[in-house]
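Okay, everyone, thanks for coming. I'll put the model up first, and then we can walk through the strands together.

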Amino acid sequence: DLAWNAKTQHILAAASNNGWTVIWDLRGKREILQFANPAGRTPVSSIAWNPELATQILTASEDDAAPVIMSWDLRNAHAPEKTLTGHRK
């Protein structure tokens, strides 16, 4: 999945089925940051930027056994801010 940052238009997030989410600076033509679920790399099926806060992004996994949505603050992306579990994909 791909998602453009609404506040900073040259910033792109790309998520993959290997579990990594990568943030790209297309103006600088470089990778800024990459992160994955610290509990294990589950495929990321969707990503979405917070339209009001340019440093916050959500990632979602459709894992049948344990679907999860994670809220990340990219200023401190070693672990998600919040994890939502117990829902259906």
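Before I get going, one bit of vocabulary: I'll say two strands pair if DSSP finds at least two bridges between them. And keep in mind that this is a predicted model.

Let's start with strand 6, residues 56-61, and strand 7. Those two pair in the antiparallel sense, over 6 bridges. If you want a register to hang on to, look at Ser61, which stands opposite Val68 in strand 7. The two strands make a hairpin, with 6 residues between them.

Now the other partner. Strand 7 is also joined to strand 8, residues 82-84, by 3 bridges, and again the two run antiparallel. Here Met70 stands opposite Thr83 in strand 8.

So how many residues of strand 7 are buried? Strand 7 covers residues 68-73, and 5 of its 6 residues are buried, so the strand is largely enclosed by the rest of the structure. The cut-off behind "buried" is under 20% relative accessible area.

Okay, over to the other sheet I want to show. This one is an open sheet of 4 strands, in the order 1-2-3-4, with antiparallel pairing. At the edges you've got strand 1, residues 2-4, and strand 4, and each of them pairs on one side only. The twist averages 20° from one strand to the next.

Inside that sheet, strand 2, residues 11-15, runs antiparallel to strand 3, with 5 bridges joining them. The register there puts Ala15 opposite Thr21 in strand 3.

Then there's the loop between strand 3, at 20-25, and strand 4, at 30-36, and Leu26 lies in it. Is Leu26 mostly covered up, or partly exposed? With a relative accessible area of 38%, Leu26 is partly exposed. Together with Trp4 and Trp24, Leu26 makes a nonpolar surface patch of about 310 Å².

Lys29 is found in that loop between strand 3 and strand 4 as well. At 77% relative accessibility, Lys29 counts as exposed, because the cut-off for that is over 50%. For the torsion people: most residues other than glycine have a negative phi. Lys29, though, has a positive phi, near 55°.

One last bit of background, for anyone staring at the sheets: in a regular strand the side chains alternate between the two faces of the sheet.

That's my tour, so fire away.

Terms used:
Residues are numbered from 1 along each chain as its sequence is written. This is a predicted model: local features need pLDDT of at least 70, side-chain atom pairs count only at pLDDT 80 or more; totals for chains, interfaces and linings use all residues. Side-chain values use heavy atoms; hydrogens and water are left out. Buried means under 20% relative accessible area, exposed over 50%, partly exposed in between (1.4 Å probe, protein chains only). Patches are made of residues with over 30% relative accessible area and no salt bridge: like charges are joined within 9 Å, nonpolar side chains (Val, Leu, Ile, Met, Phe, Trp, Tyr) within 5 Å. Accessible areas come from the Shrake-Rupley method with a 1.4 Å probe; for residues, only the protein chains shown count as cover. A salt bridge is a side-chain nitrogen of Lys or Arg within 4 Å of a carboxyl oxygen of Asp or Glu. Axes are lines fitted to C-alpha atoms, for helices over the stretch in contact, and angles run from 0 to 180 degrees between N-to-C directions.
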